[in-house]
Amino acid sequence: MLGIGYVVYTRQQRTIRLLTRQKAEIVKQVQHLERINQQKVNLFSLISHDLRLPVVRLKQQLNTLKQASLATAPIDQQIRESEEQVDQLACMLTNLLDWSVVQMKGLPTNPVQVDVSVLTAEVIADVSTQLKHKNIRLINQVSASTWIIADRYQLLCVVRNLVSNAIKFTPPHGYVRLYTKTAGESCIWLTVRDTGIGMSADEVACVLSAPVIRSGTQGEPGTGLGLLLCRELLGDDADALQLTSQPGKGTSVSVRLVTADKPTP
């Protein structure tokens, strides 16, 4: 009996030593992968900054040239066209970088009180060049001092994508409308509605689940990531973004937001 007990004990000790070595090896591999991942994140952050900066500077230089009184009409037209192309590049670049960050590590969320009317006004200012170039009217019916709880950067990214898409797929002389509507006691819907080319039911189903690259009404390029990025940024609630569309009758995209009291001074 003692001999059998010794054999069993010896096997247990051998198994424990083996498991200990395997655990140590796994921990070592995990630490190695974490270091590689952190290096990748740091490199991506550096590349992201280096890619954005030249676009921002080019935009500033074009704006300076546009305001110069010496610019002739043909040159002024070329500047406006170049400015629009830079805006499109900046939008595509931002979507690609934000999408990559979300897929790699997720964007950190910092919920704060946000005035939706101020945020939408900021978006409208950002897309003013697109609106002028296509002669599209933007009707802003977002109620003043509409306060919600959200991550401001992420919501800005969502609204900018929705408005840019609406302009992109609306023919010249159309219009885009922004408005809010109450959705129960503690929520509102923020809606972006356009008079664009619209989508079929099959296209709507696809665009919310996979990248769908479509050119705009004036050949504007895109990455197909806009709506997917919006859905990612809105979190796990699949009903937080609703899209309805009909071919030739435009598209309506609504985002559900949690309301908040106005901050006290």
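Biologist: Let's start in the middle of things: in the largest nonpolar core, which residues touch the most other members?
Modeller: Bear in mind that this is a predicted model. Its largest nonpolar core has 39 residues. The ones touching the most other members are Ile148, Leu155, Leu162, Val163, Leu243 and Leu257.

Biologist: And where does the largest share of this core come from?
Modeller: One element puts in 9 residues, and that is the largest share. It spans residues 152–168. The element is helix α5.

Biologist: Pick Leu162, then. Which residues is Leu162 in contact with, leaving aside its neighbours within four places in sequence?
Modeller: Leu162 is one of the core residues that touch the most other members, and it also takes part in the contact of α5 with α7. Two of its partners, Leu227 and Cys230, are on the α7 side of that contact. With the neighbours within four places set aside, the full list is Val192, Leu227, Cys230, Val253 and Val255.

Biologist: How do α5 and α7 pack: roughly parallel or roughly antiparallel?
Modeller: Their axes are 9 Å apart, and the packing angle is about 155 degrees. Anything over 145 degrees goes in one category, and that makes the pair roughly antiparallel.

Biologist: Is the crossing of α5 and α7 left-handed or right-handed, and who makes the contact?
Modeller: The crossing is left-handed. From α5 come Gln154, Cys157, Val158, Asn161, Leu162 and Asn165. From α7 come Gly226, Leu227, Leu229, Cys230 and Leu233.

Biologist: How many charged residues sit in the contact of α5 with α7?
Modeller: By class, 7 of the contact residues are nonpolar and 4 are polar. That leaves the charged class, and for α5 with α7 the tally there is no charged residues.

Biologist: Is α7 itself largely enclosed, and by what measure? Put differently, how many of its residues are buried?
Modeller: Helix α7 covers residues 226–233, and it is largely enclosed by the rest of the structure. The buried ones are Gly226, Leu227, Leu228, Leu229, Cys230 and Leu233. Out of 8 residues, the buried count is 6.

Biologist: Which residue with a positive phi follows α7?
Modeller: Phi is near 90 degrees at that position. The residue is Gly235.

Biologist: Back to α5. What is the crossing of α3 and α5: oblique or roughly perpendicular?
Modeller: Helix α3 (residues 116–126) and α5 have axes that come within 10 Å and cross at roughly 50 degrees. Roughly perpendicular would need 65 to 115 degrees. The crossing is right-handed, and its angle makes α3 and α5 oblique.

Biologist: How many charged residues are in the contact of α3 with α5?
Modeller: On the α3 side you have Val118, Leu119, Thr120, Glu122, Val123 and Asp126, while α5 brings Arg152, Leu155, Leu156, Val159, Arg160 and Val163. Of these, 7 are nonpolar and 1 is polar. The charged ones number 4.

Biologist: Now the strands. Is Ile149 buried, partly exposed or exposed?
Modeller: Ile149 is found in strand β3, residues 147–151. Its relative accessible area is 37%. Buried means under 20% and exposed means over 50%, so Ile149 is partly exposed.

Biologist: What separates the C-alpha atoms of Ile149 and Val258?
Modeller: Along the chain, Ile149 and Val258 are 109 residues apart. Ile149 is nonetheless in contact with Val258, and also with Pro111, Val112, Gln113, Thr259 and Ala260. The C-alpha separation is 5.7 Å.

Biologist: Which loop residue between α5 and β4 has a positive phi without being glycine?
Modeller: Most residues other than glycine have a negative phi, so a positive one stands out. This residue has phi near 75 degrees and is exposed, with a relative accessible area of 63%. The residue is His173.

Biologist: And what is phi of Ser145?
Modeller: Ser145 lies in the loop between β2 and β3. It is partly exposed, with a relative accessible area of 40%. Although not a glycine, Ser145 has a positive phi of about 55 degrees.

Biologist: Last one: what percentage of the chain is buried?
Modeller: The protein chain has 7 helices and 7 strands. Of its 265 residues, the buried part is 37%.

Note on methods
Residues are numbered from 1 along each chain as its sequence is written. This is a predicted model: local features need pLDDT of at least 70, side-chain atom pairs count only at pLDDT 80 or more; totals for chains, interfaces and linings use all residues. Side-chain values use heavy atoms; hydrogens and water are left out. Axes are lines fitted to C-alpha atoms, for helices over the stretch in contact, and angles run from 0 to 180 degrees between N-to-C directions. Helices (H or I, at least four residues) and strands (E, at least two) are DSSP runs, numbered from the N terminus. Angles under 35 degrees count as roughly parallel, over 145 as roughly antiparallel, 65 to 115 as roughly perpendicular and the rest as oblique. A crossing is left-handed if the near helix is turned anticlockwise from the far one by less than a right angle, and right-handed if clockwise. Contact means heavy atoms within 4.5 Å. Ala, Val, Leu, Ile, Met, Phe, Trp, Tyr, Cys and Pro count as nonpolar, Asp, Glu, Lys and Arg as charged, and the others, Gly among them, as polar. A nonpolar core is a set of buried Ala, Val, Leu, Ile, Met, Phe, Trp, Tyr and Cys residues joined through side-chain atoms within 4.5 Å. Buried means under 20% relative accessible area, exposed over 50%, partly exposed in between (1.4 Å probe, protein chains only).
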